[in-house]
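Please walk me through this protein model. I would like to see how its strands, charged side chains and core fit together.

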Amino acid sequence: MVKIGLALSGGGARGIAHLGMLRALEEKGVKFHCISGTSVGAVIGALYAHGLKADEILQTILATRIFASLRPAWTLSGLLSMDRLQRLLLEFLPHNSFEQLQLPFTAVATDLEQGKPAYFTSGPLIPALLASSCVPGMFNPVYVGKTMYVDGGITDNFPVHPLRDRCDFIVGLHSNPVVPQVIARNVKGVLERTLLLAINSNAEKSKTLCDLIIEPPGLGKYSTMELAKARELADIGYRYTSEFLTPEKLALMK
């Protein structure tokens, strides 16, 4: 049996398209043996590795606004606290343990002191997910032990490398494309665009390590903050992937 790995990119709200892609893969009978994810991809990946199906995760997002329920913190190190996200994640992952997941899972964060990616595969799960999702300048940095971490997308937004030695075939779901666009004439727009360009620069090499990449066109028109478009983004991922998965491509995974 072919061991299939799944890599989930970061991408903010765009990452919700992963759920539509996963739903299409489920319908085609594709089963994964290990998963890795960065930022929103880490959160979705952990819930999937826990045993939830794509539609169940989408309903969780719609019902709880899991990525939007973050309260202001107003500190010198950042703008928002991740306390609300932590509480919500503990509701769905109460064991708070990599070892209790149904599938092997890797969450990627950026170690600020070392200036390189950190790959979490064991121990407490929720701190690793918070670290992986901690967009610098927007959220307070997350400490795991005595080490300070921020969003994994800064150093590895498409974590294919951790799967290479664990799987025979890797499917990469990428939801964070760079497309030409008019940049908003404000600080928020410039910062969002700059971060997108920086993050994608480290994803290009990872794409070469995938055996199959699914990257729906049309996601580029959405802001990484458009959480209200969750269902629409999932639908884009589903429609594209359903057509993309031809019998020839599916045969590669058998």
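Questions and answers on the model follow.

This is a predicted model, where local features need pLDDT of at least 70, side-chain atom pairs count only at pLDDT 80 or more, and totals for chains, interfaces and linings use all residues. Residues are numbered from 1 along each chain as its sequence is written, and side-chain values use heavy atoms, with hydrogens and water left out.

Q: Which residue of strand 8 is the bridge partner of Thr110?
A: Strands are DSSP runs of E, at least two residues, and helices are runs of H or I, at least four, both numbered from the N terminus. Two strands pair if DSSP finds at least two bridges between them. Strand 5 (residues 105–111) and strand 8 (residues 147–151) are antiparallel and share 3 bridges. In strand 8, Thr110 is matched by Val150.

Q: Which residue in the hairpin of strand 7 and strand 8 takes a positive phi?
A: Strand 7 (residues 142–144) runs antiparallel to strand 8, with 3 bridges joining them. Tyr143 stands opposite Met148 there. The hairpin has 2 residues between the strands, and a positive phi near 65° belongs to Gly145.

Q: How many residues apart in sequence are the parts that Arg164 and Asp211 tie together?
A: Their side chains form a salt bridge at 3.4 Å, N to O; the term means a side-chain nitrogen of Lys or Arg within 4 Å of a carboxyl oxygen of Asp or Glu. Arg164 lies in the loop between helix 6 (153–156) and strand 9 (169–173), and Asp211 in the loop between helix 8 (203–207) and strand 10 (212–214), so the parts they tie together are separated in sequence by 47 residues.

Q: Is Lys207 buried or exposed?
A: Lys207 has salt bridges to Glu204 at 3.6 Å and to Glu215 at 3.4 Å, which links these residues in a network. Glu204 is partly exposed at 44% relative accessible area, and Glu215 is partly exposed at 24%. Buried means under 20% relative accessible area, exposed over 50%, and partly exposed in between (1.4 Å probe, protein chains only). Lys207 has 17%, so the label is buried.

Q: Which helix gives the largest share of the largest nonpolar core?
A: A nonpolar core is a set of buried Ala, Val, Leu, Ile, Met, Phe, Trp, Tyr and Cys residues joined through side-chain atoms within 4.5 Å. The largest one has 63 residues, and those with the most contacts inside it include Leu22, Phe32 and Met253. Its largest share is 8 residues, from helix 2 (residues 40–50).

Q: How many residues are in the other core, which lies apart from the largest one?
A: Cys34, Cys167, Ile170 and Cys210 are among its members. The total for this separate core is 9 residues.

Q: Which residue's backbone oxygen does the side chain of Ser133 reach?
A: Ser133 sits in the loop between helix 5 (126–132) and strand 7. At 9% relative accessibility, Ser133 is buried. Beyond four places in sequence, Ser133 touches residues including Ser39, Met82 and Asp151 (contact: heavy atoms within 4.5 Å). At 2.9 Å, the side chain of Ser133 reaches the backbone oxygen of Leu129.

Note on methods
Polar contact = N/O pair within 3.5 Å; in protein donor to acceptor, adjacent residues only side chain to side chain.
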